[in-house]
Amino acid sequence: MPDGRPLRVAIVGAGPAGLYAAGHLLSGPHGTYVNGEIIALHDEHVEVDVLERLPTPWGLVRGGVAPDHPEKKMVSTVFDAIANRSGFRFFGNVDLGRDVGHRDLMAWYDAVIYAVGADDDTRMGIAGEELPGCHAAREFVAWYNGHPDYASSWYDFSGERAIVVGNGNVALDIARILTLSEAELRRTDIADHAIEALRKSRIREVVVLGRRGVRQAAFNNPELEELGTLDGVDIVVEGDDPAARPDRADSNNRLLDTLRLYAESPRTDATKRIVLRFLTSPIQLRGDSRVESIAIARNELVPDGNGILRARTTDDTDELVTGLVLRAVGYRSSPIEGLPFDERRGVIENTGGRVTDIPGAYVAGWIKRGPSGIIGTNKKCARDTVRALLEDYDAGRLPTAGTLTSAQVAVALSNRQS
């Protein structure tokens, strides 16, 4: 800064995107990987304040990773190291919109990075979706991970069948959690209230609905292979034959090989089963005062004008009795007052992380690019945003007049929360 003070940046959201952004700004000892080499992004004195709505940091690493996958949570050690760097501060229990707004942050800081993730979910758009018994997978995952917003939620495990709509990795996580034994659950870090509820569960079958075929499945092979290690659980493939319509690309398709293995395996005397049902779409949830069944339709794949296979429903329908439907068809971000929002894509309008027409405002993570990628994807995403911010800083494009000191921000936030 011309006056010798540090560059002061606020990051809203303490999940992976926010923490990786802080790490890039606070110049770690090993630099940052760019274009095949490790470099230092800058040599400026930077102070970063991370503002988080919850009292604890790490976002989906804490509240979205399956409790039986502790290895994926080890990235929190990286975030711990970032949080210990000079210039880093964490403010928990700060609600954007209640305690502080976009205009406040733009006045208080030289730059603001919004990394708030996706706090909503995509709807199925079918009749009966609002009936009790139909829930967002996002909320269910948060519930069994102990997220404070969902700790008091209730789910009906009294029936023998649960339906998961969508066939990505989240859908497989849910299917796995619903079929683990109490002993297996207790070996994880799942929330105590979830163990207490799930140990009484009568669910014996989890049906995972995918609207397209086996070759378009959205889950990854490691997650699919893991289903085969579950004790006392059969894995069934229905709706599409992984051995049908072979082509040369199938020879290197490990996911398809795993599905073939499940499809060809004989049924056992297992007390539970997970059914991976492809080429199937939900068309209606039925019930008087709550979900009692789901109507489904068989799909066929037809090429669009670009040669991409699309699922089209047919008149071949069926009905499955169930009291629990979990929609896992996608996450979605919510608008932030004062920032331009793309309703179709569910992201803040931006170019390379720069918020459209608002100098000094930036985005990283799902609010920037949509709900895609794994935890590590956010490292490059945040890096690119930070590089854009630093370019604007070097070019004098940041609105730096009136920026508060770190002490003044602490007082201002305390006053807002008192």
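Q: Let me start with one residue: does Leu-279 count as buried or exposed?
A: Happy to begin there. This is a predicted model, and in it Leu-279 has a relative accessibility of 7%, so Leu-279 counts as buried. The cut-off for buried is under 20%.

Q: Where is Leu-279 found?
A: Leu-279 sits in the loop that links β12 to β13.

Q: What is the phi of Leu-279 near?
A: First the general idea: most residues other than glycine have a negative phi. Now the case here: Leu-279 is not a glycine, yet its phi is positive, near 50°. Asp-357 is another case, with a positive phi near 65° in a residue other than glycine.

Q: Where is Asp-357 found, and does Asp-357 count as buried or exposed?
A: Asp-357 belongs to the loop between β21 (354–355) and β22 (361–363). Its relative accessibility is 74%, so Asp-357 counts as exposed.

Q: Let's move to sheets. In what order do the three strands of the open sheet come?
A: The general idea is that strands of a sheet pair through backbone hydrogen bonds, either parallel or antiparallel. Here, the three-stranded open sheet has the order β13-β14-β15, and its pairing is antiparallel. At the edges are β13 (280–286) and β15 (309–321), each of which pairs on one side only. From one strand to the next, the twist averages 25°.

Q: Over how many bridges do β14 and β15 pair?
A: Strand β14, residues 293–303, pairs with β15 over 10 bridges in the antiparallel sense. For a concrete residue pair, look at Glu-300, whose bridge partner in β15 is Arg-312.

Q: And what is the order of the open sheet of six strands?
A: Reading across that sheet, the order is β8-β16-β9-β10-β12-β11, with parallel pairing. Because β8 (134–136) and β11 (233–238) each have a single partner strand, one side of each is left without a neighbour in the sheet. Neighbouring strands are turned by 20° against each other on average, direction ignored.

Q: Over how many bridges do β11 and β12 pair?
A: β11 and β12 (residues 272–277) pair over six bridges, in the parallel sense. One bridge to inspect joins Asp-234 to Arg-273 of β12.

Q: Which strands does helix α6 lie across?
A: Helix α6, residues 169–179, lies across β9 (161–165), β10 (205–209), β11, β12 and β16, and runs at about 165° to β12. Another helix, α5, lies across β8 and β16 (324–327), at about 75° to β8.

Q: Now the aromatics: how many aromatic pairs does a search of the whole structure find?
A: The search finds 11 aromatic pairs. To read one, remember that a pair of aromatic rings is described by the distance of the centres and the angle of the planes. Take Phe-140 and Tyr-144: their centres are 5.4 Å apart and their planes make 90°, an edge-to-face pair.

Q: Why are Phe-140 and Tyr-144 separated by about one helical turn?
A: Because Phe-140 and Tyr-144 are four residues apart in helix α5 (residues 137–144). As for accessibility, Phe-140 is at 0% and counts as buried, and Tyr-144, at 0%, counts as buried too.

Q: Which residues form one aromatic cluster with Phe-140 and Tyr-144?
A: Trp-143, Tyr-155 and Phe-157 join Phe-140 and Tyr-144 in one aromatic cluster.

Note on methods
Residues are numbered from 1 along each chain as its sequence is written. This is a predicted model: local features need pLDDT of at least 70, side-chain atom pairs count only at pLDDT 80 or more; totals for chains, interfaces and linings use all residues. Side-chain values use heavy atoms; hydrogens and water are left out. Two strands pair if DSSP finds at least two bridges between them. Helices (H or I, at least four residues) and strands (E, at least two) are DSSP runs, numbered from the N terminus. Axes are lines fitted to C-alpha atoms, for helices over the stretch in contact, and angles run from 0 to 180 degrees between N-to-C directions. Rings of Phe, Tyr and Trp (its six-membered ring) pair if their centres lie within 6.5 Å; planes under 30 degrees apart count as stacked, over 60 as edge-to-face and the rest as tilted. Buried means under 20% relative accessible area, exposed over 50%, partly exposed in between (1.4 Å probe, protein chains only). Contact means heavy atoms within 4.5 Å.
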